[in-house]
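Here are a few worked exercises to try with the coordinates open in your viewer. Have a go at each task before you read its solution.

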Amino acid sequence: PRPAPPLPLPWRVGRVLPGGPAAAAGLRPGDTLLAVDGHALTPATADLAMVKLLAGRAKLDDPDPARPFTLPLTVSRAGSATPVTVKVEARAYTPD
């Protein structure tokens, strides 16, 4: 299978699930991600950022990918750079 094309930048928060990690971190719909784990979000850093955000892994070769970790983000909100920290952990998938 062919790899999925990269998501276009900028990445904006579209929805925040009540009680989820994004809500606990204070993310809001409309926030724009500027940096993930201290690295500016660019096409060159987007793949690793996606792994950290969606796969829940601190690094690609993590021997314990289920281990929770905190992930510092910087978002743009109302024109200001705002730091937030998300606790990333494995969760069971529940379709809407």
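**Exercise 1. Contacts of a helix residue**

Task: Leaving aside neighbours within four places in sequence, find which residues Ala49 is in contact with, and decide whether Ala49 is buried or exposed.

Solution. Keep in mind that this is a predicted model.
- Start with the contacts: once neighbours within four places in sequence are set aside, Ala49 touches Trp11, Val36 and Leu41.
- Next, place the residue: Ala49 sits in helix α2, which covers residues 46-55.
- Now take one of those partners, Val36. It is 13 residues from Ala49 along the chain, and their C-alpha atoms are 6.1 Å apart.
- Finally, the accessibility: Ala49 has a relative accessible area of 4%, so it goes down as buried, since the cut-off for that label is under 20%.

**Exercise 2. The salt bridge**

Task: Find how many salt bridges the protein has and which side chains meet in one.

Solution. A bit of background first: side chains of opposite charge can pair when their charged atoms come close.
- The search turns up one salt bridge.
- Its members are the side chains of Asp31 and Arg77, at 2.6 Å from N to O. That fits the 4 Å cut-off.
- The pair ties together distant parts of the chain, 46 residues apart: Asp31 belongs to the loop between α1 (21-25) and β1 (32-36), while Arg77 belongs to strand β3 (residues 69-77).
- Check the burial too: both Asp31 and Arg77 are buried. For Asp31 the label follows because its relative accessibility is 2%.

**Exercise 3. What else surrounds Asp31?**

Task: Find which backbone nitrogen lies 2.9 Å from a polar atom of the Asp31 side chain, then list what Asp31 touches beyond four places in sequence.

Solution.
- The nitrogen belongs to the backbone of Arg28.
- Not counting residues up to four places away, Asp31 touches Trp11, Arg12, Val13, Gly26, Val75, Ser76 and Arg77.
- Arg77 is on that list, and Arg77 is also the salt-bridge partner of Asp31.

**Exercise 4. The β3-β4 hairpin**

Task: Work out how many bridges join β3 to β4, and which residue of β4 is the bridge partner of Val75.

Solution.
- There are nine bridges between β3 and β4 (residues 80-88), and the two strands run antiparallel.
- Val75 is paired with Thr82 in β4.
- Two residues separate the strands of this hairpin, and Ala78 in the turn has a positive phi of about 55 degrees.

**Exercise 5. A short strand**

Task: Decide how exposed His39 is, and find its contacts beyond four places in sequence.

Solution.
- His39 is in strand β2, residues 39-40.
- With a relative accessible area of 48%, His39 counts as partly exposed.
- Beyond its neighbours within four places, His39 is in contact with Leu34 and Thr45.
- For a distance check, try Pro72: it is 33 residues from His39 in sequence, with 9.7 Å between the C-alpha atoms.

**Exercise 6. Zooming out**

Task: Describe the order of helices and strands, then say what share of the residues is buried.

Solution.
- Count the elements: two helices and four strands.
- Along the sequence they come in the pattern α-β-β-α-β-β.
- Of the 96 residues, 26% are buried.
- Among contacts with a separation of 6 or more, 42% link residues 24 or more positions apart.
- The surface comes to about 6,600 Å², with 60% of it supplied by carbon and sulfur atoms.

How values were computed:
Residues numbered from 1 in each chain as written. Predicted model: local features only at pLDDT ≥ 70, side-chain atom pairs only at ≥ 80, totals over all residues. Heavy atoms only, no water. Buried < 20%, exposed > 50% of the residue type's maximum accessible area, 1.4 Å probe, protein only. Contact = heavy atoms within 4.5 Å. Areas by Shrake-Rupley, 256 points an atom, 1.4 Å probe, with all protein chains shown as cover. Polar contact = N/O pair within 3.5 Å; in protein donor to acceptor, adjacent residues only side chain to side chain. Pairing = 2+ DSSP bridges.
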